[in-house]
Each structure stands twice: as structure tokens, then as C-alpha cells.
Amino acid sequence: MTSSLPTPAPSRTAPAPAEPPVLEVDDLAVEFRSRRRTVSAVNGISYSVRAGETLAVVGESGSGKSVGAQAVMGILDVPPARITSGQIRFRGDDLLTMSRKEQRAVRGPGIAMVFQDALSALNPVFTVGHQIGELFRVHRGASRGEAREKAIELMERVGIPAARQRVDAYPHQFSGGMRQRVMIAMAIALDPDILIADEPTTALDVTVQAQIMDLLSELQRETGMGMILITHDLGVVNEVADRVAVMYAGSIVENGTVDEVLAEPLHPYTQGLMASMPSLESHGDRLNPVTGTPPDLSAVPSGCAFHPRCPMARFGRAAAPGKDCARNVPVLREVVPGRTAACHYSEELEHE
Amino acid sequence: MGRYVLRRLLLTVPVLLGASLLIFAMVYALPGDPIRALGGDRPLSEAVQAQLRAEYNLDDPLLIQYLKYLAGLVQGDFGTDFSGRPVLDTILDRLPVTVRLALVAVGFEILIGILAGVLAGLRRGSFFDNLVLVSTTVVVSIPVFVLGFLAQYVFGVRLGWFPIAGITQGWYSYVLPGLVLAALSLAYVARLTRTSLAENLQSDYVRTARAKGLSETTVVGKHALRNSLIPVVTFIGADLGALLGGAIVTESVFNIPGLGRAVYDAVLRQEGAVVVGIVTLFVFFYIFFNLVVDVLYAALDPRIRYE
């Protein structure tokens, strides 16, 4: 099963473990409330990112991976969304207890975000130069002229040809790949410590996807920023991430270094995700998707949220005491040193 | 862009010709004899009637009358009314009054309509939002003349805040009729602004603006509002064309000597030249402001370009 992935690139920038994480998310929970129902989109997730490190957050649509990132960025629509618990510490300070003004000072220079669909994420009525330059004008008090020069510099840096001529063009006049570069230029404008990339390549064509991922990795190497990469593409994870957090139904179900998680998943969901990936070796065979559909977040199954889709779920007398998949919620626990998973039967996967 | 505007302007010529012929034919088809009506209780002598008919070409068939009218028009002659006053004089006399009224009305649309719409859009579901929703529904369902008389009675007669009729007090005389004239469009502007802003506030680029650490004032006032106002501005532009031609009822209720009143009086007297001259002007305003809107649209939304 695990052999379906290409072997991870050997050289990874391993961050010094003594250095404290730049961003720590601790027990974060987000709810969406409407008159009729309450949906828990994120149930107490925790992760941290150090400088220069890339954390991949992986999961299906509706797993809460984007909502969690939006909470970190402070751009959830409140209401209907509500952060019900947790801390988001940036350089030790909790963003959630800061004043709005202090929060704004972090967005841009501290944490920045690249969105999935650059066409809708860029304002159609302002030039790209204006939109990139706006960051310098608002956060650094730059003049129009200075901001424009900075915008040109950034556009060159992210590989947009003829930047000086194109600085006054509007988003719709760029191709999809170039628009995403504009988006990236905007995100890295103020040298953020953390860059959140929310499915940055999903809306692009395959040939452009690789270019954008390369650009992000290159920028990360140059600036030493930490990166949270939200994706459902395990191939991308394997190439660029250092650590990976797998999310299912609003919770993290597995956490560890990319090499370990992809080589030996400790949660049946991770295993299923990997089995569903096409590879050269399985050429000609049918893919093995994870059966079933992601749960409705307003009616998450009891016990382990994954149990209705899990090939190794055990119930009643077949289950070990206190480990009935339909009754007992598995907590995220350290299965082997440095690796956590939320499954009652992770050990069996380990010895498989 | 220049070529596009030129082409559109040239296109107005056939439209104006068609419109004027249509209006001409309708006045022609009106029952009754305008010349005989002139005399009222004291009938004019046959000779005078015949002379007047000849002077106004009333004995000719429709098409000949129209062509003679056009021939005059080409030479800058808009014809005269039955008292011998050139129609052009009437137009030049009355136009400023109508323009003033339309400007006051548009001013109210912009000021009150957009403000109410923005506040409602920012606080969706709030008391104010519902208030705007209910009051605009009420306004659009009341006919203009009822609204006019009501305003006249309440603010003019009862409270005495505004003059009841006429334009003797300068711009101040235009406030109440302007408000009545604006009412319908104002309600529409408020609704349009509200919906448009509410929709844009949910958009991805507003989220991006927030992620850039911009203040809420900048996010809403610059990023969301700039996009939300595109349909509103174009509506107001088109409405200005309509207001310049559609003030007949309001001008009558408030006894304002504008073009609307002039055309109303001319219809009653069956003065073909006056009706055709003024109504064709209305048509021109309408077409012209629609062109202005199209040009404005391209200026406001860079995604739209005319070749």
C-alpha cells in the first residue's frame, strides 16, 4: 500500500528543535451556528509550525482544514462562525485575545495567506499593482510611488514577466498561473513569518501546479518562513512538507513527519487516502477510493467519526473493552514516539 | 471607445426619427378639432379657422405634415404653438426647471438611497434592515400622485415646512417635489445597494482584504463598496434620463412649470408641434443617458471594454 508513493526527497531542512514554534494552535474549536442547527467544523485541533518548516494539513472537503486556517488568519465570518475554545499563539501571544488593531498588525507582516481561486480572491476593480502595493501603504506608510515600485519588485520576484508593464493591469487580464503568482506576491509582500497556502494549486492546470509549488518552496527557502499547506494532494505533501496533520470531520486523526506518516500510516483513514492515489505501479488497475462519503458535520457518527467507512472498525463483542468504534471516541494519542493518531487499533496498522 | 460612442450617437438618429413619427401620428389621431377648440364658447369664423389650419398644415395628410415638420426642424425651426410662440422658446424656458427638479431628485436617491442601502447591507437582519425593507415596499406600492398629495398635505399644509406649490422660493421649492419624484427610485436604489453590498461582503476578495490586515473601514468602504456601487451608479444614470422626461405627474401636483407640465398642457390643446418637440427631447435624454451609463459602466468595471 505504502509503496504506491514515490520515495520522499532525501534532503529536508530540519529545523533546530530547540527553537520555539512561531505559530501554535492549541485546542482550537470552531462552530457554525444558524437558527436551525449548529455545526462543529473544527473540534479542538492543535498544531504548531516552526520557522522554515512546512506543515501539510490534509483531508477531504468539509474536514475542517480550511476553516481552521481561516480561524488562524482571523477571517472567519463571525457570525455564523464562532470560535468556541482554544488559543492561537503567534510568537507566544494569543491572537484570539488581542484587540482588533493588534490582530490587523499581524495579518500581512506576521501571517499571510494564499487563497485557492485567485480570480475571485483578487478584487476585480483594482489593478494588481494597487492590490500588492496596498500592503506597503497600510502597514508601512509607503507613498503611492514607493508602493508601486515595491509591487513591481515583488511581481518580478514571483516570476511575472514584464512586471513593469503589467503592474497596472487588472486581475482578469492575467492567466490563472500568473494570477496565483500575483496572489503569492501579495502574501509574501511584508515578509511574513507564516504563510498559509489554502489549496494554492487546485484551481490551476497540472503543468502550472508544479511551477506554483516550486515557487512557494523557493520563496520559503529564501525567507525561512513557516508554511501551512492545506491540500488534499498527497503527492504534493510528499514533495514539499516536513510534517503532516491528517484531518477528518473536524479533528486531527494523525500527526507526524511526512516520511513516517506516508511510509507507515497509523490511522486507517490515512491509509485509505494513500490507497486512493493513482501511481505508476498501479497503472491499469482500478483506484481504491475511501468508500462512503465524508460525514455531515451536523450529525457526526458516534464514537469514531470514521467508523462507518472504516475497513477495520470493530463493534460490540468483537471490540476490545472500551474500544468499540461506534461508542468510544478515540483520542489523539502517541502511538509511537513522536507520532500521534486517533484510532483504537493503530498498533495493528503499525505491525502490518 | 471613441468609435463606440460615435456609433451609438449615430444610432440615436433613426430612433429619434421613429419616435417622433410615432408621437406625431398619435397627436394626429387624437379626436376633436384643436382649431375649433381654440375659440371656446365664441366660435371662430370659418375664414379664420381655414387660415389657421393652413398655417399649421392641418389640412395635409399625416405624412406630409410630418415631412413639413421635419423640414422645419432641419432648419432649426421647432414650429410654434397656437398662440404663435416658438416651441424652442418654451423648451428653453421650461428645461432649466425640469433639470433642477431632476437633479434634486437624483440627489435624494444618492444621499438617502445609498446611505439606507449601505446601513441595511452592513446589518443584515437588523431592525434597520427590516425598516428599510418595509418602508421601501410601502413606497413602491403607492402611486406617485397619492404620494404627492400626501406630502403636500402633511409637509406643506399641516406642518408648513415647505411651499405647497410653485417655484417662487428658489431651490427650496424643489425639495418636496424632488423627494416625491425620487421616492420610487430611491426605494429601488436602497434595495439594490443593500443586496449588492451584502453579496460583495461575502466575496472572496473581501476575505483577502481582511487577510491583508486592512481596517474594516477600508475593507467595506473601499473594497466592497467600490464593487457594490457599480450596478447602483448605472441605475441612477439611467434613472436621470427617465426623471428628465417623466415628471408630468409630479410637476402637475406641485404646479411646477417644467417640461412635464408643458407637454401635458400641449396634449390637452392638441398642439402637435409642442408635444412632438418635447417628447422627442425626452426620448433623446433617455437614449443619451443610457449611453452615458454604458460608458460609465466601462469606466467603473475594468472587465468591460467596448470595441
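This report describes a predicted model of two chains, A and B, beginning with chain B and ending with the contact between the chains.

## Overall form of chain B

Chain B contains 13 helices and zero strands. Its pattern along the sequence is accordingly written α-α-α-α-α-α-α-α-α-α-α-α-α. Taken along the principal axes, the box filled by the C-alpha atoms of chain B is roughly 85 × 55 × 30 Å.

## Packing of α9 and α10 in chain B

Two packed helices are described by the angle between their axes and by the distance between those axes. For helix α9 (residues 204-211) and helix α10 (residues 216-245) of chain B, the angle is about 155° and the axes lie 10 Å apart. Because an angle over 145 degrees counts as roughly antiparallel, α9(B) and α10(B) are roughly antiparallel to each other. Their crossing is right-handed.

On the α9(B) side, the residues in contact are Tyr205(B), Val206(B), Ala209(B) and Arg210(B). They meet Glu216(B), Val219(B), His223(B), Ala224(B) and Asn227(B) of α10(B). By character, the residues of this contact comprise five nonpolar, two polar and two charged.

## The sheet of chain A

In chain A, four strands make up an open sheet with antiparallel pairing, in the order β2-β1-β4-β5. The edges are occupied by β2 (38-49) and β5 (93-94) of chain A; each has a single partner strand, so one side of each is left without a neighbour in the sheet.

The partner of β2(A) is strand β1 (residues 23-33) of chain A, and the two pair in the antiparallel sense over eight bridges. Within this pairing, Leu23(A) stands opposite Val49(A), a residue of β2(A).

## The helix across the sheet

Helix α1 (residues 65-73) of chain A lies across three strands of chain A, namely β1, β2 and β4 (81-90). The helix runs at about 110° to β1(A).

## Contact between chains A and B

The contact between the chains takes 26 residues from chain A and 21 residues from chain B. About 2100 Å² is buried between chain B and chain A, and carbon and sulfur atoms give 58% of this area.

On the chain B side, Arg207(B), Lys212(B) and Pro302(B) supply 28% of the area that chain B buries against chain A, more than any other three residues. Of these, Arg207(B) falls within the range of helix α9(B), residues 204-211, the helix that packs against α10(B).

Terms used: Residues are numbered from 1 along each chain as its sequence is written. Chains are lettered from A and ligands numbered from 1 in the order in which they are written. This is a predicted model: local features need pLDDT of at least 70, side-chain atom pairs count only at pLDDT 80 or more; totals for chains, interfaces and linings use all residues. Side-chain values use heavy atoms; hydrogens and water are left out. Two strands pair if DSSP finds at least two bridges between them. Contact means heavy atoms within 4.5 Å. Axes are lines fitted to C-alpha atoms, for helices over the stretch in contact, and angles run from 0 to 180 degrees between N-to-C directions. Angles under 35 degrees count as roughly parallel, over 145 as roughly antiparallel, 65 to 115 as roughly perpendicular and the rest as oblique. A crossing is left-handed if the near helix is turned anticlockwise from the far one by less than a right angle, and right-handed if clockwise. Ala, Val, Leu, Ile, Met, Phe, Trp, Tyr, Cys and Pro count as nonpolar, Asp, Glu, Lys and Arg as charged, and the others, Gly among them, as polar. Buried area is the accessible area (1.4 Å probe) that two parts lose on being put together, summed over both.
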